[in-house]
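Reader: Please take one part of this model and go through it closely. I would like the strand pairings spelled out residue by residue where possible.

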Amino acid sequence: MFVTVFLLLVTLCAQGGYGEERKEAQRLGHVSVVIVGGTGDLAKKYLWQGFFQLYINQVSSGNTFSFYGGGLLPAEKATALLFEILKAVSCSKDVSQERCALLKEQFLRLSQYRQLKALEDYQDLAKHIEKRLQEEGITEAGRLFYLSVPAFAYADIADKINNSCRPNTEAWLRVVLEKPFGHDFRSAQVLASQLESSLKDEEMYRIDHYLGKQVVAKILPFRTENKEFLDPIWNKHHIERVEIVLKETLNVKGRIPFYDQYGVIRDMLQNHLTEIMALLTMRLPMNLSSTEEVTQNKLRIFSSLLPLGKNQAVIGQYQAYKSEVQQELNKTKDHISLTPTFAAVLAHIDEAQYEGVPILLISGKMLDERVGYARILFKNDIFCLQNHHSVHCKPKQIVFYFGHGSLQYPAILVSKNLFKPVLLDGEWKEVTEHTDVSVLGLPVSDYYVQTPIEQREAYTELISHIFAGRKNSFISTENLLSSWGLWTPLLSSLASSFPRIYPGGADNGDLLDVRLKGKDISFNSEVVIISPDQMSGSSAKGFQVMQGKFRGADMVSAWAEELVERLAADMQEAAEAAVRESGVFHLALSGGSTPLALFHRLARHHFSFPWRNTHVWMVDERCVTLTQLESNFYTLHNHLLQHVRIPYYNIHPMPVQPSHRLCVEEDGGAQLYENEVGRLVNGSSFHFVLLGVGYDGHTASLFPGTKADEFGESLVALTESPFKPHQRMSLTFSAINRAHIVAFLVMGKGKHELITQLSRVKDSPDKWPATGVKPANGRLVWYIDYDALLG
């Protein structure tokens, strides 16, 4: 036993010594693996093979295993299906046929199907595992649940696991989640909150299989090993542009019910391409094995990215997509889907190192080839007068080539006019004999080429990381929400845009070529072919900005992008008027995801906004430190304040932590803020207050159950939220209703039911706090987009 333990520890140390993250993995004993959705497509193609490879690697480690394929079908209907899948697993080349046959037989014997539908099913599974442990007298090392199911089922399954299937306190629990992790910032936030009520953060592994690709996993080690060469050139003075491209030749037939809800940006750019971008541009961690340091460095990059608006993206849709949608979703012939199947997005990082460097993220279906790569193209300062074929005149570039395409294998390529890279490690080799192919404008012989000695499948790699307790290759909650914070405003601005129709494959020609102009991107060709029937039913999309009344107050309505443009213009007009009259503009802003598009609009397009004369106040704040993602001020700072020229002393975050404690009443934080408002704001009357409305009708942090007169004449109060974090600080009705202009911004189809209810209910601030907003001497304006107004 001692020898086995010693050998396992040696193996773990050889794999990188992951410190704290390795403690759980060192525990020997029985491991129960449960794939929920065990007979689905993903499990069939990748997961069972990955877990079989894990079993092969661990069979001599001292651990024992059980494997369960879970599903909704009863066992008598699905057992045979599971075993057909299991019989198809295979061994790597270094395993002999005889040993492979023996290992497959053992693996089949250790695997079984179980129905996992109701809570009782999970309770029965737990009893079965515990009974086996007792009968065989073995210690439990841990339980691994892989949720290969739609995201809407995660919270329910996590709750069942938490309530009935947790191992004993000594053993570990790991739950793997497949993307998508939400549909936008708000839904991702809700899902994260639901999961956190059942699982600890260290127990969750959000998987992005691109992070398991060998080339992607080597981006940070490559940058570290070649730091001596790269440090002088990894900056705006030398990098011309960065490209991250994933091209596919397939359509999305058979996946339309999923794909039509998500589209290419949510399916590929928000996760895979964003993660690769972060690995290429983030500050190198001192310790590559530190999950915390890697995560923090990624978050710094996300917070430094300039806002993405409509001018930073172009979208397309392959021609046959319309008929596929009509067929698979049983829609009529005049149904139009605006879901993009192609997108090119131009990003910029607001840091001195990368100032002005364009970062292109491109992905699409039905393109000319299947290939994925990330390219860093460097400026070439050498001009060859006669010998244009000299190596010095050729493109200088580093290519992280994920596979397929002309090269057909994963590799890291460095053009020979840059430097000769350090060989990564014993698992990589240098390719010296080249076939006659070209990679991104250069013959492959013009590169130094490194490739893995043994190619391993991404899911297999990540499954081994999960078993070892390594979290570097997985998506943290902060990482996820920060990414959605970047992409949600862009998705909102594109929601009503017609994608360019393209025929597919080689016939696309130059139809999808893009042009970069400053910080904007557009299609290079102005010729757009849209058949007349594709325009049918689109008249609703032609609505202009509409004005009317809502609950007796002024209402402005439009499609999301036009609405945000109008609100930003109205806000600037109010600011300029206030500055002309009194020399100062006092603006109080809400948190949440709804105003992000507005913040981005102000930062990118309103350069003449009088920020130097503007004081920014908070409508409400969550009782967390201001550096946390949940903080409303953190969101406001990242998406607006750091991008505009506003004096730091004009920014007024709420003092939720005046004495190193959060929202403790005796610290008097609310009174401090009220005193500051009274000292700086004439008559404590803000010029402009921006509010949102929650699904339950709350506004600011005034929730149902709050009495309208509960806080008397106080302007700022501590309140209680039904959602985490529960403690809040908020402006009161008294403060809000003193304002010159109060604006409600309500956007998205999800708010349609709320708007319908608000249009019918009488003023009832106790039940519907939004109805308590009645400016005494000011003006109330509702800005409602068509999705929320019309559903």
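Author: Strand S23, residues 553-558, is mostly covered in this predicted model. Of its 6 residues, 5 are buried. S23 pairs with two strands, S22 and S32.

Take S22 to begin with. This strand covers residues 546-550 and runs antiparallel to S23, with 5 bridges between them. One bridge can be named: Met546 is matched with Ser557 in S23. S22 and S23 form a hairpin, and 2 residues lie between the strands. Arg551 in this hairpin has a positive phi, near 50°.

Now S32. This strand spans residues 779-785 and pairs with S23 in the parallel sense. Again there are 5 bridges. Val556 faces Tyr783 of S32.

An open sheet elsewhere in the model makes a useful companion. Its 3 strands follow the order S26-S30-S29, and the pairing is antiparallel. S26 (620-622) and S29 (716-720) are the edge strands; each has a single partner, so one side of each has no neighbour in the sheet. On average, neighbouring strands here are turned by 25° against each other, direction ignored.

S29 meets S30, residues 727-731, through 5 antiparallel bridges. Within that pairing, Leu718 has Met729 of S30 as its bridge partner. Helix H20, residues 669-680, packs on this sheet and touches both S29 and S30. The direction of H20 makes about 145° with that of S29.

Notes. Residues numbered from 1 in each chain as written. Predicted model: local features only at pLDDT ≥ 70, side-chain atom pairs only at ≥ 80, totals over all residues. Heavy atoms only, no water. Pairing = 2+ DSSP bridges. Helix = DSSP H or I, 4+ residues; strand = E, 2+ residues; numbered from the N terminus. Axes fitted to C-alpha atoms, helices over the stretch in contact; angles between N-to-C directions. Contact = heavy atoms within 4.5 Å. Buried < 20%, exposed > 50% of the residue type's maximum accessible area, 1.4 Å probe, protein only.
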